[in-house]
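Here is a short report on one protein chain. The text covers its surface, its helix packing and its buried residues.

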Amino acid sequence: MTLRSAFMSGVFVGIAGFGYLATRDIVGSVLFAFALLGVVHYKLKLYTGSAGFVVPRELGQLALILGGNILGCLAVALLARASAMPLTDAAENFLSARLALGPLRGGLLAIGCGFIMTTAVTFARKGSFFPLLFGVPLFIVCGFPHCVADAFYYLAAPLAFWQANLGSILLFYLAIVLGNFVGCNFYRWVMGSTP
């Protein structure tokens, strides 16, 4: 059940990423909130929606969630490749700028995304959805990497981009997964409890 739920979360994020690549503007950033609204409404498993609430014994499940999220993104990335829109080129351009940050800066910026995501999910669990609507565009316009959204962009990018940048992609991706995890847990590490 966890893997299926995580897969569907990846599909939601992939569709939102599809829309963002099609626009690459503030409208796409706002529309991206569709993903988190769907994930929260259906109570699906998303890495950044779960990482701030796990206990150490659940870290293996968190890895399963991320794997399922990536598979869901892959399904939508295949649609992006079939689209008449130049989405693969948009993904390559977007990711070239991401990789230029380097893994240290990317990982540090990813902390901001994790913090925003856990805050938004915490509010949503208490019935307030406004932080979802504002938090998602906020992390996008700030340039804070989201490991699931970035997975979609990587999977939508041309194969030649992967071949030319494989080592950098893997290192950067690991850095943002860890950065998102730190950001997701920042509140409870500082305050001593889950929000």
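Two helices, α1 (2-23) and α5 (59-82), each supply at least two residues of a nonpolar patch. The model is predicted. The patch lies on the surface and consists of L3, F7, M8, L64, L71, L74 and L78. Together these residues have about 580 Å² of accessible area. Helix α5 gives the most, with four residues. L71 is found in α5. Its relative accessibility is 45%, so L71 counts as partly exposed. The limits for that class are 20% and 50%.

**Helix packing**

Two packed helices are described by the angle between their axes and the distance between the axes. Helix α1 packs with α6 (residues 87-125) at an angle of about 85°. The two axes are 9 Å apart. Angles of 65 to 115 degrees count as roughly perpendicular, and α1 and α6 are therefore roughly perpendicular to each other. On the α1 side, the residues that meet α6 are F18, Y20, L21 and A22. On the α6 side, L87, A90, A91 and F94 meet them.

Helix α3 covers residues 33-41. Its residues A33, A35, L36, G38, V39 and V40 are buried. These buried residues pack against α1, α2 (26-31), α6 and α7 (130-141). Just after α3 comes K43, with a positive phi of about 55°.

**Two buried residues in α4**

Helix α4 spans residues 47-50 and contains G49. S50 also has its place in helix α4. Which residues do G49 and S50 touch, not counting those up to four places away in sequence? The table lists these contacts beside the relative accessible areas.

| Residue | Relative accessible area | Touches, beyond four places in sequence |
|---|---|---|
| G49 | 10% | V121 and R125 |
| S50 | 11% | K45, L62 and I65 |

Buried means under 20% relative accessible area. G49, at 10%, is therefore buried. S50, at 11%, is buried because its value falls under that limit. G49 also has a long-range partner in space. Its C-alpha is 8.7 Å from that of A120, although the two residues are 71 apart in sequence.

**The salt bridge and α8**

Side chains of opposite charge can pair when their charged atoms come close. How many salt bridges does the structure hold? The structure holds one. D150 and R98 form a salt bridge, and their closest N and O atoms are 2.9 Å apart. The pair links distant parts of the chain, 52 residues apart. D150 sits in helix α8 (residues 147-156), and R98 in helix α6. Are D150 and R98 buried or exposed? Both D150 and R98 are buried.

The helix that holds D150 is mostly covered. In α8, nine of the ten residues are buried. They are C147, V148, A149, D150, A151, F152, Y153, Y154 and A156. Which helices are included in the cover over these buried residues of α8? The cover includes α1, α4, α5, α6 and α9 (159-191).

Several helices recur in this picture. Helix α1 supplies residues to the nonpolar patch, packs with α6 and is included in the cover of α8. Helix α6 carries R98 of the salt bridge, and the buried residues of α3 pack against α6.

Notes
Residues numbered from 1 in each chain as written. Predicted model: local features only at pLDDT ≥ 70, side-chain atom pairs only at ≥ 80, totals over all residues. Heavy atoms only, no water. Patch = residues over 30% accessible without salt bridge, like charges linked within 9 Å, V, L, I, M, F, W, Y side chains within 5 Å. Areas by Shrake-Rupley, 256 points an atom, 1.4 Å probe, with all protein chains shown as cover. Salt bridge = Lys/Arg side-chain N within 4 Å of Asp/Glu carboxyl O. Buried < 20%, exposed > 50% of the residue type's maximum accessible area, 1.4 Å probe, protein only. Axes fitted to C-alpha atoms, helices over the stretch in contact; angles between N-to-C directions. Parallel < 35°, antiparallel > 145°, perpendicular 65-115°, else oblique. Contact = heavy atoms within 4.5 Å.
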